[in-house]
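Subject: Handing over a structure

Hello,

I am passing this structure on to you, and I hope you enjoy looking through it. My notes on what turned up follow just below.

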Amino acid sequence: LRALHKPLPLQMALRLHSTQASVACRAVLLVAAQLDVPLEVVPVDLRAGEQLTPQFLAMNPQHCVPTLQEGDFILWESRAICTYLASKQQSALYPPDLRQRATIDRLLDFDLGTLHYIFAKTYVGRNLKFIINRSVIEGKQEAPHAEDLKKLDEALELLEKFLSNSTFVAGKQLSVADCCLVATVSTCEAVNHNMKKFVKVAAWLEKCKQTLKGYEKYNTPGLDMIKTFSEMQKKSRKNKTATSSQ
Ligand SMILES: N[C@@H](CCC(=O)N[C@@H](CS)C(=O)NCC(=O)O)C(=O)O
């Protein structure tokens, strides 16, 4: 069992197949930056379908980014990549203490299954086909549904509660869960979701923006792309409403 906790040498190059606008890719890049682990980023153009090429599918049949490549070891699912990198480095971002780990896992699962899930359903599309879904680019995206907006607020309200007496999402220490949730919550902000009532969330996000290494480099450019998509969608919906009422 002890061997499980031995740090593995980071000899092999770590390659990350990634797309800048992706929440999941930004989370991994933020974790790698906190760990000072160099990643060779291989950009994947999802709109051009680069994730559907035979080579990509041979590596990852689920055809998604981020995908980590370390020699012949391939790993996808951003949160699994984050915990793998932090464990490999024996980092306090994912400490060995079982209860601390379990708490961090709870927050990672909350992000995957609750917060990010409802964010994507609300703002990306009810069919959850991100970016490659041309309707996003062509502005054919439906406006957010009221019931989804309500569920997103409920998820943010839960995060507000989790932060009520803790500095970071899983306690006093920064963890991989903060990096993942920062990527999601900053994207809620980028699409102009009304965040005003979530005071603790706003304060935590601001603290993370100020303190996370590489925040500007790894999160901001993707957020800027999301802002542009979101504005395009809103404009196109407005134009459509104006045309149909003429
Ligand atoms: N749960 C996965 C989500 C991965 C995912 O859906 N990635 C999207 C971009 S955000 C993607 O690669 N879509 C392309 C496709 O599915 O073909 C994670 O956290 O890594």
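A charge is said to sit over a ring if NZ of Lys or CZ of Arg is within 6 Å of the ring centre and within 35 degrees of the ring normal. Lys207 is one such case: it lies over the face of Phe168, 4.8 Å from the ring centre. Arg106 is another, with its charged end over the ring of Phe162, at 5.2 Å from the centre. Please keep in mind that this is a predicted model.

Phe162 is also a good way into the aromatic pairs, of which the structure holds 3. Phe162 pairs edge-to-face with Phe110, with 5.0 Å from centre to centre and 75° between the planes. Which parts of the chain does this pair bring together? Phe110 belongs to helix H4 (residues 98–124) and Phe162 to helix H6 (residues 146–162), so the pair ties together parts that lie 52 residues apart in sequence. Are the two rings' residues buried or exposed? Phe110 is buried, at a relative accessible area of 8%, while Phe162 is partly exposed, at 23%.

A further pair is made by Phe119 and Tyr123: their ring centres are 5.9 Å apart and their planes meet at 35°, so this pair counts as tilted. Both residues are in helix H4, 4 residues apart, which puts about one helical turn between them. Phe119 is buried, with a relative accessible area of 3%, and Tyr123 is buried too, at 17%.

Now to the ligand. How many residues surround it? There are 14, and the closest are Gln51, His63, Val65, Glu77 and Ser78. By type, the residues of this shell divide into 8 nonpolar, 4 polar and 2 charged.

Three of those closest residues are worth a look for their polar atoms:

- His63 places a polar side-chain atom 2.8 Å from an oxygen atom of the ligand.
- Val65 takes part through its backbone, where a polar atom is 2.8 Å from a ligand oxygen.
- Ser78 has a polar side-chain atom 2.7 Å from an oxygen atom of the ligand.

As for how much of the ligand is covered, it exposes 510 Å² when taken alone, and the protein buries 80% of that.

If you would like a place to begin, try Phe162, which pairs with Phe110 and has the charged end of Arg106 over its ring. From there you could move on to the ligand and its contacts with His63, Val65 and Ser78.

Happy exploring, and best wishes!

Notes: Residues numbered from 1 in each chain as written. Predicted model: local features only at pLDDT ≥ 70, side-chain atom pairs only at ≥ 80, totals over all residues. Heavy atoms only, no water. Phe/Tyr/Trp six-rings, centres within 6.5 Å; stacked < 30°, edge-to-face > 60°. Helix = DSSP H or I, 4+ residues; strand = E, 2+ residues; numbered from the N terminus. Buried < 20%, exposed > 50% of the residue type's maximum accessible area, 1.4 Å probe, protein only. Near = heavy atom within 4 Å. Polar contact = N/O pair within 3.5 Å; in protein donor to acceptor, adjacent residues only side chain to side chain. Areas by Shrake-Rupley, 256 points an atom, 1.4 Å probe, with all protein chains shown as cover. Nonpolar A, V, L, I, M, F, W, Y, C, P; charged D, E, K, R; others polar.
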